[in-house]
Each structure stands twice: as structure tokens, then as C-alpha cells.
Amino acid sequence: MTKQHIKKADIFLIVLCLLASVLSGLWLLTGRQDGTTLTVTYDGTTLYTAALAQSDMFTHDTDEGDKGDIRYLLITYPEPESLPKITVFSDKPDIMEDTSYNLLVITDGKVYMEAADCPDQICVRHKAIAADRENIICLPHRLVVELSGASQTQDTLDGMVK
Amino acid sequence: MKRTAELGFLLAVALILSYVESLIPFSFGIPGIKLGLPNAVVLLLLYDHHGCREAALVNVLRIVLSGFMFSNLYTILYALAGGALSLAAMVIGKKLGFFSPVGVSVLGGVFHNIGQITVAMFVVETYAVSSYLPVLIASGTLTGALLGIVVMEMLPYLQQYRKVQES
């Protein structure tokens, strides 16, 4: 066999793939608004929904500490087969060594993963999310943290009225 | 017997490449982005006188072994899906005949990432993961093209070596 060279079809394929990636990226980015609702899902089950704005968020909160603009959401996985537990804190909580966890921070309309004990740490290294349809996913813990925009907030409000 | 030894040797090379890859922090906080170095071995097996069965065998063994050594069971699941789809795409791409190893490698890289995202979508049961697709397609294309060029440059030397050995 003699040496092979790059063919026209290769260049075509590469350009096509890059174009597809850029176009789908633009499509995802267009009409991007600030996220208004935070949803935490585990294995497809919604665990927690709250508006990002503080006043709304604290209708869910039992903690009566002073209201800074930072909130911590601790998700722990006590038993492998049951749903994880979510607790909201106004100060950085102590993490128990023996349970698996994700610690989410909500501040100034941004959400990021402060710490987690998952093996790949991809969720921790993920940049803070703030826009509609952005998400942080912790695959090892099957946890999805998602922001949604104004229209979806409307939906949940409608749902609550019913 | 000689073929078994050779496949074992290539498996070892693929495992070393997996290890090297696990040392390079290249993920940018996006799951699934990687260099895909071990794919070079799979591509080499496809183009060298072996067929796709040998490539599949080496790849599956590589994924399972490196999964147990360097990561966890979930990673094995993603990697198997990515590996299977990627190999299928490369075999079809090669059969079509109008791609050089570079094009075939690009197909492999892109479909590897599509496979992984699909499994991730089933595992976390959300479409949210698909927002990573644009980045994953681009990274699959670039890393695939680079590995394809490396393999394409290697092939003539390998063939020459084989000829010398046989004579």
C-alpha cells in the first residue's frame, strides 16, 4: 500500500462537522435570556424547583438566618436506592464525611457547584451558570441542575394556581 | 499465534494511551471532551491488514480494562457506547471508499461523542445534556482529524516494516 493523502471528501466532512457545530451552537445561544428558575433533577425526578430571585426562593426555606445574597443547597445521597435529600443553608454547611454529596451555591442570579465527592469533578470545574437553558450535570451522581427562562416560570405559576 | 501477540501488543499500547489521556486535564468542565488517543490504535487496526473484528475486540478490552484501572463503571458504560458507535461509523466510512484515514477518524471522533451524549441522556433522563453537542461535535472533529493525520503518516512505515519481516 502506498502513502495515502487527505482527500476532498475529508475536507468536506471536516468543514461540514464544524459548520454543524457552529450552527447548532448559535441556535442554542440565540434568544438566550437570564435564567429565572432553578430546577434540580435526580435520575429524571425533579427534586427541587425555585425561582432564582431571593424572595421567592425563601418560601421554600425553613432557615431563618440573615439574608445575604448567597445560598447553599446541599444535596446528599444517604441511601443508594432512595431519592437524595436537599437542604438549604445561608452559610456554608459542614459536610459529613460518610455521605456522598453535591454542594450547590446560588448567588447573584448565578449557580455553581462548590464541591462534590464525585470521581470526575466535572460539575465542580463547570463554570457558573446564569442564562436560560444552561445546566450543570454531575453524571456520576445522576444529578442535573438546570436554569429555565421566563416562559417556564409562568408555567409553574399556572400549575400552582390550579 | 503471531497475530495474538500482535493484538496483545496493540492492546497494551492502547492502554498506555488511555492512561496518558487520563493524565491530561482536557475536559474544560464539559463531560466527554477528550483527545481520543486510544482511537489511533483502533484506526491503525482498521487500516492495517487486520479487520474490524480485531479492532472491536481490542477496543472493548481496552475500554473495560482501562475503565477498571483509571475510572469507574459508569465511565465504562459511556465509553462502550461511544466506542461501538464510533467503530461502526469508521467501518462504514472506510467501506464507502471516498475518505482517507483522516475523514474516517473524524467520523469516529464525532460519533464517539454522539454515542456518549446519547447514553448520558438516558442515564440522567434529560435532554439538557444535548446542549453540549455543538462543543462535542467540534472537539470530535478536531481531535479526530489530528489523530487521522498521525495514523495516515504511520501506515506506510508499518507496511514497510511488515514487508521486511516477511521477506
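A crossing of two helices counts as right-handed if the near helix is turned clockwise from the far one by less than a right angle, and as left-handed if it is turned anticlockwise. In this predicted model, the term applies to a pair of helices in chain B, where H2(B) passes H5(B) in a right-handed crossing.

The geometry of that pair is easy to set out. H2(B) covers residues 39–47 and H5(B) covers residues 101–124; the two pack at an angle of about 130 degrees, and their axes lie 11 Å apart. Angles over 145 degrees count as roughly antiparallel and those from 65 to 115 as roughly perpendicular, and H2(B) and H5(B) are therefore oblique to each other. On the H2(B) side, the residues involved are Asn39(B), Leu43(B) and Tyr47(B). They meet Pro101(B), Val104(B), Ser105(B), Gly108(B) and Gly109(B) of H5(B). Sorted by class, this contact has 4 nonpolar and 4 polar residues, with no charged ones.

Stepping back to chain B as a whole, its secondary structure amounts to 6 helices and 0 strands, so to speak an α-α-α-α-α-α run from the N terminus on. The C-alpha atoms of chain B fit a box of roughly 55 × 35 × 25 Å along the principal axes. A compact globule of 167 residues would have a radius of gyration near 15 Å, and the 16 Å of chain B agrees with that. Of the 167 residues in chain B, 44% are buried. Among its contacts with a separation of 6 or more, 70% are between residues 24 or more positions apart.

Chain A mixes both kinds of element, with 4 helices and 8 strands. Along the sequence they follow the pattern α-β-β-α-β-β-β-β-α-β-β-α. Buried residues account for 29% of the 162 residues of chain A. As for contacts in chain A between residues at least 6 apart in sequence, 46% join residues at least 24 apart.

The two chains also touch each other: 33 residues of chain A are in contact with 32 residues of chain B. On the chain A side, the elements that give two or more residues are helix H1 (8–29), helix H3 (122–125), strand E7 (135–138) and strand E8 (143–148). H1(A) gives the most, with 11 residues. By class, the side of chain A that touches chain B has 15 nonpolar, 9 polar and 9 charged residues.

Definitions and conventions:
Residues numbered from 1 in each chain as written. Chains lettered and ligands numbered in written order. Predicted model: local features only at pLDDT ≥ 70, side-chain atom pairs only at ≥ 80, totals over all residues. Axes fitted to C-alpha atoms, helices over the stretch in contact; angles between N-to-C directions. Parallel < 35°, antiparallel > 145°, perpendicular 65-115°, else oblique. Contact = placed C-beta atoms within 7 Å. Nonpolar A, V, L, I, M, F, W, Y, C, P; charged D, E, K, R; others polar. Rg over C-alpha atoms; globule rule 2.2 N^0.38 Å. Buried ≥ 20, exposed ≤ 12 C-beta atoms within 10 Å, placed from the backbone.
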